[in-house]
Amino acid sequence: MTPPRDRIDTALATMLRDTAHEVERLGASLCCDSHVAEAHINQLQGLDRIAQLLGGLAATIEAPDPVLCAQSNGFDELGERLSALLVADP
């Protein structure tokens with residue numbers, strides 16, 4: 001038996017949020033070493049973006065209006081993709 005969609009969404013959002021926190025902790029620990037931070041600043045910024053995107057995906061999954069959530073949270077690419085789905089599938 002398949003669990004209800006809202007329980008699946010909640011579980012997915014929780015996993016995404018937990019992974020975002022893990023990526024944030026990884027980036028913070030790497031930033032503690034000034035040599036690593038200086039040598040890999042672009043990669044560390046990439047980790048921060050990944051963490052933000054994972055958190056945004058979690059919020060979007062749980063939102064009553066996922067498109068509005070994605071657009072209002074500054075996740076332009078996600079908002080555009082969701083909007084495109086609405087146009088393609090009336």
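I take partly exposed to mean a relative accessible area between the 20% below which a residue is buried and the 50% above which a residue is exposed. The model I am reading is predicted.

**Cysteines**

I started with Cys31. Its relative accessible area is 42%, so I log Cys31 as partly exposed. Next I looked up Cys69. At 13%, Cys69 falls under the cut-off and is therefore buried.

How many disulfides are there? I count zero. I checked Cys31 in particular, and Cys31 is in no disulfide. The nearest cysteine sulfur belongs to Cys32 and lies 7.3 Å away. A pair would need its sulfur atoms within 2.5 Å.

**Thr60**

I moved to Thr60, which sits in helix H3, residues 41-62. Is Thr60 buried or exposed? Its relative accessible area is 6%, so I note Thr60 as buried. I then listed its contacts, leaving aside neighbours within four places in sequence. They are Pro66, Cys69, Ala70, Leu78 and Leu82. Cys69, one of these partners, is the buried cysteine from my earlier entry.

**Helix H3**

I checked the span of H3 next. The helix has 22 residues and reaches 32 Å from first C-alpha to last, close to the expected 32 Å. I then looked for its buried residues. They are Leu44, Leu47, Ala51, Leu54, Gly56, Ala58 and Thr60. I keep in mind that residues three or four places apart on an α-helix point the same way, because there are 3.6 residues a turn.

**Helix H1**

I ran the span check on H1 as well. Its end C-alpha atoms are 39 Å apart, and 27 residues at 1.5 Å each should span 39 Å, so the two agree. Buried in H1 I find Asp9, Ala13, Ala20, Val23 and Gly27. What do the buried residues of H1 pack against? They pack against H3.

**Cores**

I looked up the largest nonpolar core. Its seven residues are Ala20, Val23, Ala37, Leu44, Leu47, Ala51 and Leu54. H1 and H3 each supply at least two of them. The largest share, four residues, comes from H3.

I followed Val23 across to its partners. Not counting residues up to four places away in sequence, Val23 touches Leu47, Ile50, Ala51 and Leu54.

I also found a second, separate core of five residues. Among them are Val67, Phe75, Leu78 and Leu82. Leu78 and Leu82 were already in my notes as contacts of Thr60.

How values were computed
Residues numbered from 1 in each chain as written. Predicted model: local features only at pLDDT ≥ 70, side-chain atom pairs only at ≥ 80, totals over all residues. Heavy atoms only, no water. Helix = DSSP H or I, 4+ residues; strand = E, 2+ residues; numbered from the N terminus. Buried < 20%, exposed > 50% of the residue type's maximum accessible area, 1.4 Å probe, protein only. Contact = heavy atoms within 4.5 Å. Expected span 1.5 Å × (residues − 1). Core = buried A, V, L, I, M, F, W, Y, C linked by side-chain atoms within 4.5 Å.
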